[in-house]
Amino acid sequence: MKSFSKIAVISTLVAVGFIFSFFLYFLIYLPYKDFQSRADQYRTEYFQRHELMVKKETESIIRLISFEHEQATVRTHTLLAENMKATQTILKSLVGAHGNRPLPTSEIESIVSGITSRNDNQFYFLLDAKTGKLAGYSEAAQQTAGDVRLLQERAVTIHQRKGKGFFSYPYHDHNGRATTVIGYLEPVAGTPWIVGMGCNMDATIGALKKTLLDKIETIRFGPNDQGYFWIFDETDRVVMHPLHKELLHRDLSQYKSLDGVYIFREVTKARESGEFAYSYHWFYPGTEEPGEKQAYVLYYAPWGWLVATGFYLRDLEVVIDKERAALQEKMNGRLLEGGLALVALIILLGLNTWFAIRHTRRLEKDLDEQFNFLEQYKTALDETAYVSKNDANAVITYVNDALCQISGYTKEELIGQNQNIFHGDYVTPDALAALRATIFAGNIWHGTLRNRKKDGGYFDVIVTIMPIKDGDGNVVEYISTRQDITELLEKKEELRRLYHTDTLTGYGNRYKLIDDIREAEGDSTIALLDIDAFKEINDFYGYQIGDDVIREVGRRLREVVGIYDISLYRLHADQFALRCMNHGDIGRYEVAIRTILLQITKEPLMINESAITLSVTSGLAIGQGESLLINADIALKRAKMERKDLLIYDEDFNIAEMYRRNLEWTHKIKRALDDGRFVAYFQPIFNIKQKSIEKFETLVRLIDEDGSVISPFFFLDIAKRAKLYPHITVAMIDQAIATFKGSRFEFSINFTLEDILNDMVCDHFFEEVAANEIGSQVVVELVESEGIENFEEITRFIQRTKELGCKIAIDDFGTGYSNFSYLLNLNADYIKIDGSLIKNLDQQEENFRFVAETVVDFSQKANMKTIAEYVSHQAIADIVGKMGVDYLQGYLIGEPVDKTKLEELLKTHPEGEA
């Protein structure tokens with residue numbers, strides 16, 4: 001009995017122990033193991049989902065940088081090629097004009113210098129084709145291209161290999177920075193010279209980098225737009241960080257994270273592999289709370305940029321912590337229940353079975369809840385990606401609803417089909433073979449594909465295909481996740497379209513025209529249409545009306561070109577282009593263009609109740625290649641010069657002669673500045689009431705090498721185009737002040753808008769007036785006053801001039817777009833009535849007299865003095881005197897004279913009498 005009792009007791013204890021162990025196993029071990037499994041799975045899915053997101057976003061930034069970098073290089077090549085075409089066209093004409101005589105090197109340099117000087121970053125060089133030596137190069141070549149010996153070496157190599165073409169080479173500047181030079185060279189037919197042009201890409205790429213950094217700094221992504229990017233350069237310095245500006249331009253190689261990791265040393269590993277992912281501890285944005293962060297970096301080798309982003313694991317830890325707390329609370333309750341159950345088993349072992357069944361059911365319920373969590377995790381993945389599974393034979397076994405929705409297939413239509421149902425004709429056999437080779441080897445494949453929809457359409461995706469292996473390492477199935485990038489690619493295509501489209505009219509732009517010419521087969525005919533006097537329309541009506549005029553002309557052109565096989569473009573400002581594939585029928589095209597010109601100009605444009613009459617000039621050219629556009633432009637300029645409405649390009653156009661004359665005048669002006677042969681002449685101005693000469697106007701004359709005096713009519717425009725005009729103004733300032741210092745006379749100096757906007761001219765003027773204390777004698781005469789009131793610089797200039805005691809005169813007032821309001825705004829002291837109104841007053845020109853009287857009347861009321869110009873004889877002097885004009889200027893009073901004759905005049909008329 002005792003033995004039985006012992007056995008019973010032992011059996012009971014064994015049973016209780018077994019059941020207790022059973023309880024511990026199901027109440028503690030299994031829930032904890034299940035928790036660990038779910039946590040690991042959630043962590044894996046969380047990492048995969050966020051890694052895919054940041055990788056996709058970072059790759060989109062790299063694609064943006066690469067695209068803009070490529071476009072910058074394309075634009076640079078286009079610029080060099082266009083400039084070389086223009087140079088060759090001019091040099092070809094010059095070679096023909098020189099006949100058998102050799103073309104001087106200086107003349108070639110002048111032409112090439114004039115073309116390359118349009119861009120500060122561009123340089124030129126001349127190479128002797130026989131010796132391979134540099135015959136000349138611009139100063140910019142030394143500053144931009146590095147060692148000219150390296151330039152010579154590269155140029156000779158390209159010439160020997162190809163004869164002509166593009167070249168590039170790297171070098172280190174004087175600061176040790178690596179840079180790249182891009183150039184283009186081509187022999188000059190009929191000469192021993194090779195012309196080369198080039199530019200340094202640093203300035204272009206530098207501006208592009210700044211634009212891209214500003215743009216990338218604003219980009220956000222992910223939940224609540226908290227994702228952002230930061231960028232390092234090849235020196236491991238931060239070049240962009242949107243949140244931590246204090247890190248900019250710092251070397252952070254010694255910078256540690258909160259857990260002691262040299263985080264920025266880790267970043268640079270991306271230079272070896274192209275990409276790199278790592279984790280570290282950092283403060284959450286805007287807080288001092290530390291947390292784990294997962295980072296991802298891609299390397300853009302051409303610029304040495306490391307583009308980085310990442311995500312914090314705070315959301316993951318919060319979910320797992322909640323799960324852990326819930327499990328702990330549940331386990332504490334179950335331990336209490338287990339203890340009570342064990343006591344109950346000792347009292348009544350028979351209740352064990354019932355108690356176990358009850359708790360087994362409770363466990364089942366808990367397991368259902370855990371499976372519910374797993375289903376939610378799966379749902380989260382389904383909501384963020386298009387998911388499918390297929391077996392080892394590429395047969396689809398699972399698709400999520402998102403994939404069905406975007407593809408148009410039902411699950412029943414997809415499951416059991418081969419994975420190729422999504423490929424169609426969009427995936428090439430070579431690309432498909434490469435994909436299969438990767439995944440059949442058991443590796444993950446990641447790339448971009450175009451998937452086919454049921455209706456035959458497509459959607460572009462970034463795909464990740466992951467092989468799933470069994471315990472023996474054999475692939476049993478594949479899981480594919482897709483991210484839709486259709487909209488991104490469509491936006492890229494839209495950017496390409498905008499690059500070729502004029503924003504004002506919606507027509508193709510200059511880049512579109514150049515591309516169409518390159519792709520054309522056979523001859524094309526190009527007509528350039530230019531609206532005459534469009535600047536005056538802008539100045540008179542305003543730029544808004546000017547834009548309306550451009551749009552209306554574009555609309556009329558669209559209406560009339562419909563009956564012809566013509567493509568329409570807007571190149572810039574008021575210039576349109578018409579292109580026709582007429583295969584050499586220039587006569588038919590000329591008739592068409594004349595008809596078009598007549599149709600768009602026969603009726604005035606009605607813009608805001610204003611009737612604007614248009615005239616248009618056109619230049620035509622036929623041929624192939626980029627020179628076609630240059631020839632059409634030459635024809636347009638020749639048509640304007642000859643005042644014709646339409647002109648067809650002819651190789652006999654002596655454009656070279658015009659360039660030669662301009663070059664001769666440019667050299668003549670430079671020599672005259674060097675020799676001091678720009679001389680001030682002075683014309684007297686007579687006070688009618690005091691009957692004496694009170695002031696003089698300073699006028700410029702060029703003394704030629706043979707001693708002849710040249711009027712500014714022949715050289716001022718060329719001096720302005722050659723950027724030499726400011727130096728002439730400085731010479732007039734110095735000579736005028738030296739002439740009248742210490743005298744009692746006022747003297748005026750002419751200032752154009754270009755002078756006022758030139759800091760060198762203004763600073764010199766202010767310094768000389770102040771140093772000589774002559775401000776009370778100086779009158780600043782503003783010429784080209786049309787539209788001058790629109791510049792803030794003018795207001796500041798006049799204020800400074802008044803502070804020095806100088807006076808202001810407005811020249812040529814009363815014609816064109818003159819108005820009275822800006823006279824008050826400019827605080828003028830003198831108004832010079834335009835000579836075209838004065839010189840015919842004695843011939844009963846009633847309209848001229850009315851305008852002149854109006855100007856005088858206004859001036860008297862505004863307390864301003866008036867000066868009548870072009871007073872050539874006494875009859876005119878009597879008329880303007882009766883009007884109330886204050887001063888006379890013209891040949892009746894005295895012609896312009898140099899300083900020597902002025903001194904003789906003042907000796908014979910010491911009181912200034914006429």
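Two strands count as paired here if DSSP finds at least two bridges between them. Keep that in mind for the views below, which all come from a predicted model.

**View 1. Strands E4 and E5 pair up as an antiparallel hairpin.** E4 covers residues 178-187, E5 covers residues 193-200, and seven bridges hold the pairing criterion up comfortably in the antiparallel sense. For landmarks, look for Glu-186, which sits opposite Val-195 of E5, and for Val-181, whose bridge partner in E5 is Asn-200. Five residues lie between the two strands of this hairpin, and Gly-190 there has a positive phi near 85°. E4 itself is mostly covered, with seven of its 10 residues buried.

**View 2. E4 also pairs with E3.** These two strands run antiparallel as well, joined by eight bridges. A handy pair to pick out is Pro-170, which stands opposite Thr-180 in E4.

**View 3. Pull back, and E4 turns out to belong to an open sheet of five strands.** The strand order reads E2-E1-E5-E4-E3, and the pairing is antiparallel. The edges go to E2 (134-137) and E3 (165-172); each has a single partner strand, so one side of each is left without a neighbour in the sheet. From one strand to the next, the twist averages 25°.

**View 4. Two helices pack on this sheet, H4 and H5.** Helix H4, residues 148-162, lies across E1 (122-128), E2, E3, E4 and E5. Its direction is at about 150° to that of E3. Helix H5, made of residues 201-217, touches E4 and E5, and its direction makes about 30° with that of E5.

**View 5. Helices H16 and H17 cross at roughly 135°.** Two packed helices are described by the angle between their axes and the distance between the axes. In this view the axes of H16 (residues 543-560) and H17 (residues 586-601) come within 10 Å. The crossing angle makes H16 oblique to H17, because angles over 145 degrees would be needed for roughly antiparallel. As for the hand, H16 passes H17 in a right-handed crossing. Which residues do the meeting between H16 and H17? On the H16 side they are Arg-556, Leu-557 and Val-560, and on the H17 side Ile-596, Gln-599 and Ile-600. Sorted by type, the contact has four nonpolar residues, one polar and one charged.

**View 6. Strand E23 is mostly covered and pairs with both E24 and E31.** Nine of the 10 residues of E23 (678-687) are buried. With E24 (residues 692-703), E23 shares 10 bridges and runs antiparallel; Phe-682 stands opposite Thr-698 in E24. This hairpin has four residues between its strands, and Lys-691 takes a positive phi near 55°. With E31 (residues 887-888), E23 pairs over two bridges, again in the antiparallel sense. There, Phe-686 has Leu-888 of E31 as its bridge partner.

**View 7. The whole protein, for context, has 29 helices and 31 strands.** Of its 914 residues, 45% count as buried. Take the contacts with a separation of 6 or more: 60% of them are between residues 24 or more positions apart.

Methods. Residues numbered from 1 in each chain as written. Predicted model: local features only at pLDDT ≥ 70, side-chain atom pairs only at ≥ 80, totals over all residues. Heavy atoms only, no water. Axes fitted to C-alpha atoms, helices over the stretch in contact; angles between N-to-C directions. Contact = heavy atoms within 4.5 Å. Parallel < 35°, antiparallel > 145°, perpendicular 65-115°, else oblique. Left-handed = near helix turned anticlockwise from the far one by under 90°. Nonpolar A, V, L, I, M, F, W, Y, C, P; charged D, E, K, R; others polar. Buried < 20%, exposed > 50% of the residue type's maximum accessible area, 1.4 Å probe, protein only.
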